[in-house]
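Here's a quick tour of how the strands and helices in this one fit together. Have the model open while you read.

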Amino acid sequence: MINILVVDDSRVIRKLILNILNDENFHCIEAENGIDALEKLVIKNVDLIITDLNMPQMSGLELVKTIRSSEVYNKIPVIILTTEKNRQEQENCLDAGVNIYLIKPLSPEELETNINNLLKKY
Ligand SMILES: [Mg+2]
């Protein structure tokens with residue numbers, strides 16, 4: 001069982017992602033912003049993080065920076081799933097240690113393929 005932490009301030013988007021990943025291989029944990037995600041990391045064993053960028057309290061980029069500077073969580077693969085198409089923002093994320101940057105909307109198949117490819121590397 002792969003534990004995926006799904007971070008998005010939109011409950012609707014979280015449910016959409018959960019529905020896509022709702023099969024026997026994946027178990028999803030929800031968080032509504034970066035702070036909430038860090039709290040979930042403490043109590044759950046997380047194999048992969050899918051996070052939005054624009055969220056109140058702590059953005060996806062801030063979350064990634066915090067994770068990558070942590071001795072405990074720095075190896076967890078991270079996928080950004082956002083509507084943000086800005087090239088600079090994309091580069092900032094990759095520089096911060098994001099593994100894959102995906103732009104919404106995308107097909108369920110695309111999301112699953114990216115997740116599986118990333119998990120194979122770890
Ligand atoms: Mg958002």
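Let's start with one facing pair: L5 stands opposite I29, a residue of strand β2. The chain gets from β1 to β2 by way of helix α1 (residues 11–20), and this β-α-β crossover is right-handed. Keep in mind that this is a predicted model.

Another facing pair is I80 and Y101, with Y101 sitting in β5. Here's how the two strand pairings line up:

| Strand pair | Residues | Sense | Bridges |
|---|---|---|---|
| β1 and β2 | 2–7 and 26–31 | parallel | 6 bridges |
| β4 and β5 | 78–82 and 100–103 | parallel | 4 bridges |

Zooming out, the sheet is open and built from 5 strands with parallel pairing, ordered β2-β1-β3-β4-β5. Why do β2 and β5 each have one side without a neighbour in the sheet? They stand at the edges and each has a single partner strand, so one side stays free of a neighbour. From one strand to the next, the twist averages 20°.

Now for the helices. α3 lies across β1, β3 (48–51) and β4, and its direction is about 175° to that of β4. α3 (residues 60–68) also meets helix α2 (residues 34–43): their axes come within 9 Å and cross at roughly 35°. On the α2 side, the contact involves G34, A37 and L38, while α3 brings G60, E62, L63 and T66. By type, the residues of this α2 and α3 contact split into 3 nonpolar, 3 polar and 1 charged.

Technical notes:
Residues numbered from 1 in each chain as written. Predicted model: local features only at pLDDT ≥ 70, side-chain atom pairs only at ≥ 80, totals over all residues. Pairing = 2+ DSSP bridges. Right-handed = clockwise from strand over helix to strand, strands pointing away. Axes fitted to C-alpha atoms, helices over the stretch in contact; angles between N-to-C directions. Contact = placed C-beta atoms within 7 Å. Nonpolar A, V, L, I, M, F, W, Y, C, P; charged D, E, K, R; others polar.
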